[in-house]
Structures are given as structure tokens and as C-alpha cells.
Protein chains: 2
Amino acid sequence: MANYPAQVSIREVGPRDGLQNESVWVPTEQKIELINALANTGLKRIEAVSFVHPKAIPQMRDAAEVVAGIERAPGVSYSAIVPNAAGANRAVAAGMDEVEIFMSASESHNRKNVRMAVAESLGAAQQVARILGEAKMPFDAVISTAFGCPYEGDVPVERVMWVAEKLLELSPKPVRITLGDTTGMANPRLVDRIVGEFQDKFPDVTLSLHFHNTRGSGLANVLAGLQRGVTYFDSSLGGLGGCPYAPGATGNITTEDLVNMLHDMGIQTGIDLEKLLECARLAQSFVGHELPSQVLKAGPRTRLTPFH
Amino acid sequence: MANYPAQVSIREVGPRDGLQNESVWVPTEQKIELINALANTGLKRIEAVSFVHPKAIPQMRDAAEVVAGIERAPGVSYSAIVPNAAGANRAVAAGMDEVEIFMSASESHNRKNVRMAVAESLGAAQQVARILGEAKMPFDAVISTAFGCPYEGDVPVERVMWVAEKLLELSPKPVRITLGDTTGMANPRLVDRIVGEFQDKFPDVTLSLHFHNTRGSGLANVLAGLQRGVTYFDSSLGGLGGCPYAPGATGNITTEDLVNMLHDMGIQTGIDLEKLLECARLAQSFVGHELPSQVLKAGPRTRLTPFH
């Protein structure tokens, strides 16, 4: 019988990873409304925006206005993802609580994503770390394509560990490493293996997992992570977002499906599922199409059918 | 680190559990085409039809014609689900390889489903078993709402074990017991608990699991079953079907998502995933709307994106 943690911390990435993979433009005031509603569900970590070049990701061109417009709920950490020093400076100016930096484990994905070799990205990451360090702003280092690369297929575990090692040599150090399954190529056995290796090699480092449900096994991968004692997970309300490599495919795992499964398993999240479902409904109305969330359609397990 | 079985046997229930929950009428020749295509994928068990009253489930009114029309591929077991003696006689007349009988663990679901108390269903099951026994036709006994009831919520584990015990007293005995999560109320911890109890109580009985993905945790529930050594699972190609209790919600777990996850984990199914995807595409064209399958949209993990 597997052991499970008593509590899990979810980072809601819908406003960023979700929205930036939606084709419609969501106006600034709707983004603000959504983030404010999310902060009222019990969620303690919200990835609100990314500070990237507006030409690269037009959906995030209003990032500074969004951050300026939200009500900063006490106890909630609002983060932004940044690709470079310019982004880090904007995150500092916006007064984020935390920042995510990222690079890919595989060379080809990194090159496609940020037009740099991984070694160059590591150099740029040191610049970013310095800027954040001076501002005393903690950061999480995300390793994309940690469970597979859409161009290269399998990514050697040693490669993932090497990138993690290099990221942990940054000064200051990231507060956490996130292993990202950017295009939904993980499976539970691979999660078990990579997380196990990570924990053996870096026993004192906080590990977070970022799964996509591209091939339907997202929550099975979460289960494998939970069984290894991981308590930090990313997810997106409503299953907002998609996959740039497969038109029509889903993106991040769905927050309410994750929360529903965890609560049913007796694992606490601190999140009010009904309030979260309201947020998912709001997000659905903003993007104007049906979201892949299951619990949004079926309701939580506890919502019984009347018998007559 | 969890242990996993080397091989899993999948029963494809799309032509029955899938189609009977679709609102469109699929013509007899299309049903036959689909079942014949499925038998060519490496699948060894196909639930082809149900022999129920045509007024109860009009989509299955052509069951005998479907069975008469299919090519019986060698090595493939074609089964039918039957609710009563009349259905059993029709299954025998059709020359099925195997039959599924069913009843619910919860009284209210059983009453809604077959208008009988569970005790009455057990009596009827003995009649059915006698008919099948005389025809030397093996049968699987499915316990619906084993992980929760849409009317009653939690179903006591003792209740599920009691129904299983009664079904195992039938003469002849079922070749297998299937625990059904009829409306997607299972979670991995509950699967672990109920399967564990079952295996303790009935160590010599073959157990099969039938999950629905209504709340998104279908493959996580499969993982919990695999970790308990279960090797028999039901699923539906394309995620064909739906949930009568939640309009718009998905039904059975999707066969290609299950096969993709199992193969990625190194667990054999004997199924050709590309051929299976062709069947799912065929099913999608027959029902005329997008199916919830993930791998149908994203392709298997091994289908890489060209790098230019």
C-alpha cells in the first residue's frame, strides 16, 4: 500500500501557461478578475503572467498592467515566468512574490523555444539570478522537456540531472526545481524513475512537478509523484491552454480534476473546490469555448443525483 | 518502487458501453465494420453488444444482426452483456464466446437500472447462470457502483464484498469478477483499498476493473490497480460513450490513452496502437462528433515533431 503526503501545494498556472496557449485575446480586466477570483479559492500560489517579449507571446503583452491591477491577497504568492534579464527586471519592477526561470533539458527544444543552446541559457540564468538576488526575489528553476522532447524523444535521465545540478549552482540558488513535462510525454514509471534519481542526488532540494495531460495520463503521473513524496504540483484551471505541438490536444493538467482526486484521496490542498469550479466557469466564458475539465462537467463526486 | 505486471488484457467495450451512451444511431453495418476493425488491432476481447430489451436501449436493438454479421477472428473473444434470462437465451442463440452479467453494489442504482432489489437480481443471476452453464458459455460478473453510487455516494466495502461473495456462489461460477466504477467515483486510494480487500478475501478469483474517466482520474485508478497486480481492464476506443448522470461528461476510459500509457511503461497489451487509432477515427466519423480521446489528437509519444 502506497504512502501519500497529507497535504499538497498547487501552483495555479492557468493565467499564464493556460492563457498563453489559447488563441483568443483575453482583455486585461478579465485576466485581473480571474486572478482575483483564484486568490479567493484558497490557492496559495498563482503564476499570474510571463514577462516575455510582446512579439513572442502577444497574449502576455499586458503583463505589467495585469500585475498592477490585481488585489494582492495576503498569504498568496503571485509569480511570473521570465526568459531573460529584461524579463527579470520587469518582474522586479512589478514586485512579484516569486519568479520562474526555465530552460529545456533537450537542446533542440531549448533552441526552438529561446533560440539558445542550453549552455547559453545557463549563462543567461546566472544573469537573471543575480538580478533577482539583488531584489531578494526567490525563484523556481523549471526544467522543460524533462520527461521527453517533442523533437528528440527520450531525454537521458543523466541529462536532466546535469541541468538540475547546473541550476543548483546558480547564485543565489533557486528555492525549488520544477521538472516539466512540457508536451505530455511522461508516464508513471518514468516519473518514478526520474523523481527517484532526483531525490537520491539532491535530497535537500524541494522538487515540484509540472505535468501536461496531452496523452491523458497527467493524473496518473501525479500519482507516481505523490508516491515518491512530492508535494508541489502545477496545474491549470479548467484545463485552460493547449499544446503548440498538437492542435486540439489539451495542455496542463486540470486544477479542479487534480483537487477533486486529491480531496477524494484524503489529501488536503486548502482549496475550496466549488469556488475553483466557479473560476473555471469564468475562464471558460472568457475564452469562449468548452474547456477539457472533467469535474467542471460532472461535478465533484460528492454532488449526488436525486433519486425519485 | 512499484511493481507492474508485464502484460495486461484489455476488453474493448466501445461497441457496447460506448455506443449505447451515444445519442446517435449507428447503423448495423457500421457497427460490424467497427468490430471487425477492432478485431484486427490485436485486441483479444471485444464486448460487441448487449442483449437488452430494445425499448430500454434502442441503440442495441440490432444486437443479433451485428453478431451475425461480424467476421469471427480466430483468437478473439466476442462477448455480450445480458440483464436477464431472455438476454441470456439471445446470447446463447447468437453463439457469443462469453457473456457479462451485472448488478449494482448499491440498492438505489440497481433499482434505477433494472427495477429490482439486489437480492432479486441475485436470484435472476442464478437463472441466467443456469442457462449459460447449459450452453457451456463462460460469464464475467460485473459489480456496478463498486466505487461509489451516484444516488448514495460511498458504498461500504463490505457491501461490495458481500455482492462478490454471492456472485461467486452462482452455479456455475463466473470466470471473473469485474468491479465497475460506473460513474467515475473511484480514486486511487479507494481502488487500492477495495482491490486489496477483494484479493485478501478471494485470492483465487480473477479480478477485472472497469473505470470511467468522468472526473479525470481514470488512468490514475488503472495505475492503482496495476500496482495491486490486476491485469484485466475495460476501456472504450476514442473514449466513445458518455455518462447518463452528467450531460457532456466522458464515459469509459479511452482505450488508446490506456494502451499508450501501458506501452510507454513497458507493459505489453498485444495491441497495435496505430491500428487502434484508425478504429477510433472510424468511430469518431460514425458518431459525428469529436471524441474525448487524447492520443487521437496528440498522437503517440513516439510520433516526434520535425525540427527545422
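**Exercise 1.** Which residue just after H4(A) takes a positive phi?

*Solution.* The model is predicted; local features need pLDDT of at least 70, side-chain atom pairs count only at pLDDT 80 or more, and totals for chains, interfaces and linings use all residues. Residues are numbered from 1 along each chain as its sequence is written, and chains are lettered from A and ligands numbered from 1 in the order in which they are written. Helices (H or I, at least four residues) and strands (E, at least two) are DSSP runs, numbered from the N terminus. The residue sought is Gly95(A), with a phi of about 70 degrees.

**Exercise 2.** State which residues of helix H4 of chain A are buried, and against which elements they pack.

*Solution.* A residue is buried if 20 or more other C-beta atoms lie within 10 Å of its own, with C-beta atoms placed from the backbone. In H4(A), residues 85-94, Gly87(A), Ala88(A) and Ala91(A) are buried. They lie on the same side of H4(A) because they cover an arc of only 100 degrees around the axis, taken from the directions from the helix axis to the C-beta atoms. These buried residues pack against strand E3 (77-81), strand E4 (98-104) and helix H6 (118-134) of chain A.

**Exercise 3.** Explain why Gly87(B) counts as buried, and name its contacts beyond four places in sequence.

*Solution.* Gly87(B) belongs to helix H4 (residues 85-94) of chain B. Gly87(B) counts as buried because it has 21 C-beta neighbours inside 10 Å. Two residues are in contact if their C-beta atoms lie within 7 Å. Setting aside neighbours within four places in sequence, Gly87(B) contacts Phe51(B), Val52(B) and Val82(B).

Note on methods
Buried ≥ 20, exposed ≤ 12 C-beta atoms within 10 Å, placed from the backbone.
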